[in-house]
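Thanks, everyone; please have the sequence and the model open while I talk. I will go through some strand pairing and then turn to internal space.

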Amino acid sequence: MKKLTYVISLLVLASLVLAACGTAAPNAAPTKAPTEAPVVATEPPTATEPPAPAFEAPKGALVSYPADAAPVLDGVADDAAWANAQETVISVAGGFNDFAVDASLKSVYAGDTVYFVLTYADPTESWFRSPWQKQEDGSWKQVKDPNDKGGDNNTVYEDKFSMIWPINNSIKNFETAGCFVACHAGENSDFKPYGNKYTSTEGEFGDIWHWKSIRNDGQIDDQYLDSTRFDAEKAKEAGRKSDSKDSGGYADNFATMPDPADASKTVPNKTLPGFTSPNVDLTTGAPGYILDSEKVALDQAALDAMPVGSYLPGIIKSPIVGDRGNISAAWKWDNGVWTIEFSRALTTDSQTDVQFPDLTATYYFGLAIFENAQVRHAYENGSTPFVFMPKP
């Protein structure tokens, strides 16, 4: 009986074990702790820079445009650089014969150089500048303006133009008055019928770019202006002066003779021409000058052999070496129009030059044009602003 009871107990225990095993879920995954949502990294928003303001030039300004290639200075002005530049028209009037014209100016810059081209109508190319002419008695005389009492030749001269630039904005009121702040007509009329030029106050300086169609050789004469007053002995040119030079330039075509005070030296003989050139036309005196590199000395026999009425130019010239010659130029007169191209470095080492170091600044100039006149020039009222268009 006990044995039977033991067997039954074993069977009941086995049933309980199997029942317990049947309640467990097969392959149940272990329980995990909940995780936070992943954080996505984002960059902080960048500040948007405002667009650069559109370039706007001052009213009436001459704008210098950036050029991919520099124009060739040849007096033709047919380069692509000029085609992309807008012209500024400046009206000038007054001077001898009340000459009045609308002059056109363009400017471009490339590398370290700024370029300009000036064009204006002129019915005559004035190259007949006080030439020598052989007289009936065999002597030689220079052809002169009969009304010229000194420094006021208005009929036998050359064409010219000039620009005045204040240096470091030093000339007071130049922006509004232009060259009038330095023109003083009527002063010292016994010496200068058209007055003197100088600035009003010490420390005011201007850079003068003075083109002379006969006397310059591939350049524009670089001069300057200060406050020096006229003095018949010490300062006949008053405030107008030339920049320094090492050599070159122009000189009168005079013969030489022994110095009466020292026979070992020579002095100019202002009664005779001293040179000619293979390129001179004796019947007209063209081209109005003799290149120093081509000059041929004349002795008395050569002068005597020339026909009566022959002309010889009154000027010998060569390129200027030095500060005075740092404005390169080329020009042509064609069918009643002058075209003058010129260029200069944006900055120079000269204290008597205007500098263009800041291409965002505004500069000013005044323009004058001399129609076959020594001093009585046409001029613009006020001044013209000059600015540089930014590169794209």
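Strand 3 and strand 4, the latter covering residues 113-121, run antiparallel and are joined by seven bridges, and I should say at once that this is a predicted model. Within that pairing, Ser 107 stands opposite Phe 116 of strand 4. The hairpin that these two strands form has two residues between the strands, and there Gly 111 takes a positive phi near 60°.

Strand 3 has other partners as well. With strand 2, residues 88-92, the pairing is again in the antiparallel sense, over five bridges, and Val 92 has Val 101 of strand 3 as its bridge partner. With strand 1, residues 62-66, strand 3 runs parallel, and three bridges join the two; here Pro 66 stands opposite Tyr 109 of strand 3.

Why do we describe strand 3 as largely enclosed by the rest of the structure? Because eight of its ten residues, in the stretch 101-110, are buried, where buried means under 20% relative accessible area.

Let me move to the empty space. When the whole structure is searched, one cavity of 30 Å³ or more is found, and the volume of the largest cavity is about 30 Å³. Its lining includes Trp 127, Phe 128, Arg 129 and Pro 131, together with Thr 284, Gly 285, Gly 288, Pro 313 and Gly 314. Sorted by class, the lining of this largest cavity has four nonpolar, four polar and one charged residues, with Gly counted among the polar ones.

Technical notes. Residues numbered from 1 in each chain as written. Predicted model: local features only at pLDDT ≥ 70, side-chain atom pairs only at ≥ 80, totals over all residues. Heavy atoms only, no water. Buried < 20%, exposed > 50% of the residue type's maximum accessible area, 1.4 Å probe, protein only. Helix = DSSP H or I, 4+ residues; strand = E, 2+ residues; numbered from the N terminus. Pairing = 2+ DSSP bridges. 1 Å grid on protein atoms, 1.4 Å probe; cavity = no way out; pocket = protein on both sides within 12 Å on 5 of 7 lines; lining within 4 Å. Points joined across faces, edges and corners; volume = space filled by probe spheres on them.
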